[in-house]
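Colleague: I have a few questions about this model. Can we go through it piece by piece?

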Amino acid sequence: TAEIRVPLTTKGRDVKIKIFPSSLSCAVNGKDVFSGRLFANIISDESTWTLEDHDNNCRIIRIFLVKGYKTPQSCWSSLLEDKYSADFVTLDNMQKKILQERYQNENPGFDFSQAEVSGNYQSGGPNLP
């Protein structure tokens, strides 16, 4: 999910979002906010965006991207190639969440929601017995 703060007066018709399998662009009131090649491919037909009230000072554009591959090894380190990088803590948390989801899918009878996960995320995480 990407979030962009915009003025409170922004309307949906003022926002132009183009979502393609390998690229993304956002313009507000005719001005480019960003544009470029995505870090990895997405499923563009399942991706979308919303314009939401945030507080008295602004609104937020939320862009929801459905990733083509969802494994700890394929965790995105940035939104676009070489732009908008995630900090280490955010990246670590994303990798943990993906790993927990994988464990849950592989072991449907167990609840991993409160599990403390640590391990080698770049290699897919620790091995389960």
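Modeller: Yes. A term comes up at once: strands here are DSSP runs of at least two residues, numbered from the N terminus. With that, Thr10 can be placed in the loop between strand S1 (2–7) and strand S2 (15–19). Keep in mind that this is a predicted model.

Colleague: How many helices and strands does the protein have?

Modeller: There is 1 helix, and there are 8 strands. Read from the N terminus, the order is β-β-β-β-β-β-β-β-α.

Colleague: Back to Thr10. Is Thr10 buried or exposed?

Modeller: Thr10 counts as buried because its relative accessible area is 1%, and buried means under 20%.

Colleague: What does Thr10 touch, leaving out residues up to four places away in sequence?

Modeller: Val15, Val28, Leu51 and Arg59. There is also a link to Pro7: a polar atom of the Thr10 side chain lies 2.9 Å from the backbone oxygen of Pro7.

Colleague: And Arg59, where is that?

Modeller: Arg59 sits in strand S6, which covers residues 58–64.

Colleague: Why does Arg59 count as buried?

Modeller: Because its relative accessibility is 15%, and the cut-off for buried is under 20%.

Colleague: Which side chain does the side chain of Arg59 make a polar contact with?

Modeller: That of Asp53, at 2.8 Å. In addition, a polar atom of the Arg59 side chain lies 2.6 Å from the backbone oxygen of Thr10.

Colleague: How far is Arg59 from Lys11, C-alpha to C-alpha?

Modeller: 9.4 Å, although the two are 48 residues apart along the chain. Lys11 is also among the residues that Arg59 touches, as are Ile4, Val6 and His54.

Colleague: New topic, the sheet. Which strands form the open sheet, and in what order?

Modeller: It has 3 strands in the order S2-S3-S4, and the pairing is antiparallel. S2 and strand S4 (31–37) are the edge strands, each pairing on one side only. From one strand to the next, the twist averages 5°.

Colleague: What holds strands together in general?

Modeller: Strands of a sheet pair through backbone hydrogen bonds, and the pairing is either parallel or antiparallel.

Colleague: How many bridges are there between S2 and S3?

Modeller: S2 and S3 share 5 bridges, with Lys16 opposite Ala27 in S3. A hairpin of 3 residues joins S2 to S3. On the other pair, S3 (residues 23–28) and S4 have 6 bridges, and Ser25 stands opposite Ser35 in S4.

Colleague: Which way do the side chains of S2 point?

Modeller: They alternate. Val15, Ile17 and Ile19 point to one face and are buried, while Lys16 and Lys18 point to the other and are not buried. In a regular strand, side chains alternate between the two faces of the sheet.

Colleague: Which residues of the largest nonpolar core touch the most other members?

Modeller: Leu24, Ile61, Ile63, Leu65 and Leu79, out of 19 residues in that core. S1, S2, S3, S6 and strand S7 (78–80) each supply at least two residues of the core.

Colleague: What does Leu24 contact, setting aside neighbours within four places in sequence?

Modeller: Its contacts include Ile17, Ile19, Phe34, Ile63, Leu65 and Leu79.

Colleague: Last one. What share of the whole protein is buried?

Modeller: Of its 129 residues, 32% count as buried. The protein exposes about 8600 Å², with carbon and sulfur atoms supplying 49% of that area.

Definitions and conventions:
Residues are numbered from 1 along each chain as its sequence is written. This is a predicted model: local features need pLDDT of at least 70, side-chain atom pairs count only at pLDDT 80 or more; totals for chains, interfaces and linings use all residues. Side-chain values use heavy atoms; hydrogens and water are left out. Helices (H or I, at least four residues) and strands (E, at least two) are DSSP runs, numbered from the N terminus. Buried means under 20% relative accessible area, exposed over 50%, partly exposed in between (1.4 Å probe, protein chains only). A polar contact is a pair of N or O atoms within 3.5 Å; within protein, one must be able to donate a hydrogen and the other to accept it, and residues adjacent in sequence count only if both atoms are side-chain atoms. Contact means heavy atoms within 4.5 Å. Two strands pair if DSSP finds at least two bridges between them. Axes are lines fitted to C-alpha atoms, for helices over the stretch in contact, and angles run from 0 to 180 degrees between N-to-C directions. A nonpolar core is a set of buried Ala, Val, Leu, Ile, Met, Phe, Trp, Tyr and Cys residues joined through side-chain atoms within 4.5 Å. Accessible areas come from the Shrake-Rupley method with a 1.4 Å probe; for residues, only the protein chains shown count as cover.
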